[in-house]
Amino acid sequence: MRQDAVRGHLDGLLLAVLEPAPLHGYAIITAVQQRSGGALELRTGTIYPALNRLERLGLLRSSWESEGQRKRRCYALTEAGARFLADERTAWQDFTTAISSVLNPATPQPRPHGLGT
């Protein structure tokens, strides 16, 4: 899938994979890839700036966690992030319904007069 297809939906994707539990950056990338059946592959150069921006907006919070000798920054959804995600889901449903009704109409629509037979 084209990388630009994700543009405009990245925030919702990141928040959705963080909804069940906090994750570190690589686990977020993996979760998006797994949930999409491999169709979406996010790059670290894409997600870390987005995670930092979402944290500045108060939609995420982060903390350092140790795993053995390794320290990783983990991200978690805030209450504001959960509300934002709910709004994103509603907007996505509205968008996909509108696009689907144009691309896959339930019944053929009459052609405007003068545009063929």
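This passage describes the fold, core, surface patch and salt bridges of a predicted model of a protein chain.

The protein chain contains four helices and three strands. In sequence order, these elements follow the pattern α-β-α-α-β-β-α. Of the 117 residues in the protein chain, 28% are buried. The exposed area of the protein chain amounts to about 8300 Å², of which 54% is supplied by carbon and sulfur atoms. When contacts between residues at least 6 apart in sequence are considered, 45% join residues at least 24 apart.

The largest nonpolar core comprises 21 residues, and those with the most contacts inside it are Leu-14, Leu-15, Ile-28, Leu-51 and Leu-60. At least two residues of this core are supplied by each of helix 1 (10-18), helix 2 (25-35), helix 3 (44-56) and strand 3 (70-77). Helix 1 provides the largest share of this core, with six residues. The surroundings of Leu-14 illustrate how parts of the core meet. With neighbours within four places in sequence left aside, Leu-14 is in contact with Ile-28, Leu-42, Ile-47, Ala-50, Leu-51 and Leu-54. Two of these partners, Ile-28 and Leu-51, are themselves listed among the core residues with the most contacts.

Helix 2 also contributes to the buried part of the model. Within this helix, Gly-25, Ala-27, Ile-28, Ile-29, Ala-31 and Val-32 are buried. The cover over the buried residues of helix 2 includes helix 1, strand 1 (23-24), helix 3 and strand 3. Just after helix 2, the backbone at Gly-37 adopts a positive phi of about 65°.

A link between helix 2 and helix 3 is seen at Thr-44. This residue lies in helix 3 and is partly exposed, its relative accessible area being 45%. Once neighbours within four places in sequence are set aside, Thr-44 is in contact with Ile-29 and Pro-49. Thr-44 and Ile-29 are separated by 15 residues in sequence, and the distance between their C-alpha atoms is 7.8 Å. The contact thus joins partly exposed Thr-44 to Ile-29, a buried residue of helix 2.

Two salt bridges are counted in the model. In one of them, Asp-11 is paired with Arg-53, and the closest N and O atoms are 2.7 Å apart. This pair links distant parts of the chain, as Asp-11 belongs to helix 1 and Arg-53 to helix 3, 42 residues apart. The two partners differ in their accessibility class: Asp-11 counts as buried because its relative accessibility is 18%, below the cut-off of 20%, whereas Arg-53 is partly exposed at 29%. In the other salt bridge, Arg-89 is paired with Glu-19, with the closest N and O atoms 2.8 Å apart. Distant parts of the chain are again linked, since Arg-89 is in helix 4 and Glu-19 is in the loop between helix 1 and strand 1, 70 residues apart. Here Arg-89 is partly exposed, with 40% relative accessibility, and Glu-19 is likewise partly exposed, with 42%.

Helix 4 also carries aromatic residues. A pair of aromatic rings is described by the distance of the centres and the angle of the planes. One aromatic pair is counted in the model. It is formed by Trp-92 and Phe-95, with 5.8 Å from centre to centre and 35° between the planes, and is classed as tilted. The angle falls between the limits of 30 and 60 degrees, and the pair is therefore neither stacked nor edge-to-face. Trp-92 and Phe-95 are three residues apart in helix 4 (residues 79-103), so about one helical turn separates them. Both rings belong to partly exposed residues: the relative accessible area is 40% for Trp-92 and 44% for Phe-95.

The same two residues take part in a nonpolar patch on the surface, which is formed by Trp-92, Phe-95, Ile-99 and Leu-103. Together, these four residues have about 420 Å² of accessible area.

Terms used:
Residues are numbered from 1 along each chain as its sequence is written. This is a predicted model: local features need pLDDT of at least 70, side-chain atom pairs count only at pLDDT 80 or more; totals for chains, interfaces and linings use all residues. Side-chain values use heavy atoms; hydrogens and water are left out. A nonpolar core is a set of buried Ala, Val, Leu, Ile, Met, Phe, Trp, Tyr and Cys residues joined through side-chain atoms within 4.5 Å. Buried means under 20% relative accessible area, exposed over 50%, partly exposed in between (1.4 Å probe, protein chains only). Contact means heavy atoms within 4.5 Å. Rings of Phe, Tyr and Trp (its six-membered ring) pair if their centres lie within 6.5 Å; planes under 30 degrees apart count as stacked, over 60 as edge-to-face and the rest as tilted. Patches are made of residues with over 30% relative accessible area and no salt bridge: like charges are joined within 9 Å, nonpolar side chains (Val, Leu, Ile, Met, Phe, Trp, Tyr) within 5 Å. Accessible areas come from the Shrake-Rupley method with a 1.4 Å probe; for residues, only the protein chains shown count as cover. A salt bridge is a side-chain nitrogen of Lys or Arg within 4 Å of a carboxyl oxygen of Asp or Glu.
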